[in-house]
Amino acid sequence: MLQETKAHVRVAVTQAEPVWLDLEATVDKTCRLIVEAAENGAELISFPECWIPGYPAWIWSRPVDFDLTCDYIRNSLDINSPLLKKICTCAATHNIIVVLGFSENRHNSLYISQATISSNGEILTARTKIKATHMERTIFGDADADCLNSVVDTDIGRVGALSCWEHIQPLLKYHTYLQREQIHVAAWPPLFQHDGGDELWSMSRQGTRAIASTYAVESQSYVLHTTAVISQGGIDRMKTQASAIMGIPGGGSSAVFGPDGRQITADLPETEEGILYADLDLENILKAKAFVDVCGHYSRPDLLWLGADNKSKAHLR
């Protein structure tokens, strides 16, 4: 249910490069970006998929690299660690909501995770990507039922988050729509222009922006499409020079889409780090919902409905 919220919200969408495979340095950079966004009046800041400690780009060129994988495990974030507490404290100190993407280390098994942290430093929800995509499954495990904990109440409205290709999972998307988010964070790794060749257009900068725009229209929410940047240093660190994916510098594609699907921010150059700011008028959500509401007046639950099992299954029962 929609709660009473502010009419206007200022958000900050990062387009930045992590300190690849360096947990502490990327946490420090996270806090610097939080401070910068807050000083520019933002009430929420979003980060990309696996922002901490950076997306494991080498998996798309060679699925087995024990040295890099072990480094990645050592530099992935434990949700109960002092380092996440440091980010929470930074959010509270600067009175800003943080939607964080990170590789989560649970007893040295890894998961693609997101946490929404309130402006007083409380972790409102922590969720895991429902299923790692394609080559990601060489590194990451599947979620349990926490993947359904996508949307929370905040002091600026209902904020939700999904990661990368979760945005083409119809059932998961509809489950998220039913939670009535107003601001949605779509976390992605670096994304590149399609070159006109045989590669999947859907995996490109253009294709994923089409996905973000569609998500905005279907959910009648603002979508904060949040991507990372990779430099030559990142390419060298992960040895992806010969890779068809993340083998050249760039990948920045961050943008904000309104609830009618239009892009409302200007682009940064794809090799450039920065923060995009947008002032959201939440009244525009009502205009979109007046036309279609796929969870309300434009639905037929008597004919089509969704079931979900939100109970996590423990290894030992």
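Helices here are DSSP runs of H or I with at least four residues, strands are E runs of at least two, and both are numbered from the N terminus. You're looking at a predicted model, where local features need pLDDT of at least 70, side-chain atom pairs count only at pLDDT 80 or more, and totals for chains, interfaces and linings use all residues. Residues are numbered from 1 along each chain as its sequence is written, and side-chain values use heavy atoms, with hydrogens and water left out.

**Stop one: Ser81.** Select Ser81, and you land in the loop between α2 (66-74) and α3 (82-93). Ser81 is buried, at a relative accessible area of 16% (buried is under 20%, exposed over 50%, partly exposed in between, with a 1.4 Å probe and protein chains only). Now add Arg209: the two are 128 residues apart in sequence, and their C-alphas sit 34 Å apart in space.

**Stop two: helix α4.** Highlight residues 170-177, and pick out Leu172, Lys173, His175, Thr176 and Tyr177, which are buried. Their cover includes the strands β5 (123-128), β6 (151-154) and β7 (157-163), along with helix α5 (205-219); contact here means heavy atoms within 4.5 Å.

**Stop three: the open space.** Try Phe192, Met203, Ser204, Ala244 and Ile245 next: of the 26 residues lining the largest pocket, these lie nearest its centre. A pocket is an open set of points on a 1 Å grid over the protein atoms alone, with protein on both sides within 12 Å along at least five of seven lines; a cavity is a set where a 1.4 Å probe fits but cannot get out, and lining residues have an atom within 4 Å of a point. The largest pocket holds about 610 Å³, a volume being the space filled by probe spheres set on the points, which are joined across faces, edges and corners. Its lining has 15 nonpolar, eight polar and three charged residues (Ala, Val, Leu, Ile, Met, Phe, Trp, Tyr, Cys and Pro are nonpolar; Asp, Glu, Lys and Arg charged; the others, Gly among them, polar).

**Stop four: the closed space.** There is one cavity of 30 Å³ or more, and the largest has a volume of about 40 Å³. Select its lining, including Tyr177, Arg180, Glu218 and Cys295; by class the lining is three nonpolar, two polar and five charged.

**Last stop: the cysteines.** How many disulfides does a search of the whole structure find? Zero, with a disulfide being a pair of cysteine sulfurs within 2.5 Å. Show Cys90 and Cys31: the Cys90 sulfur is 4.1 Å from that closest cysteine sulfur, so it is too far for a bond.
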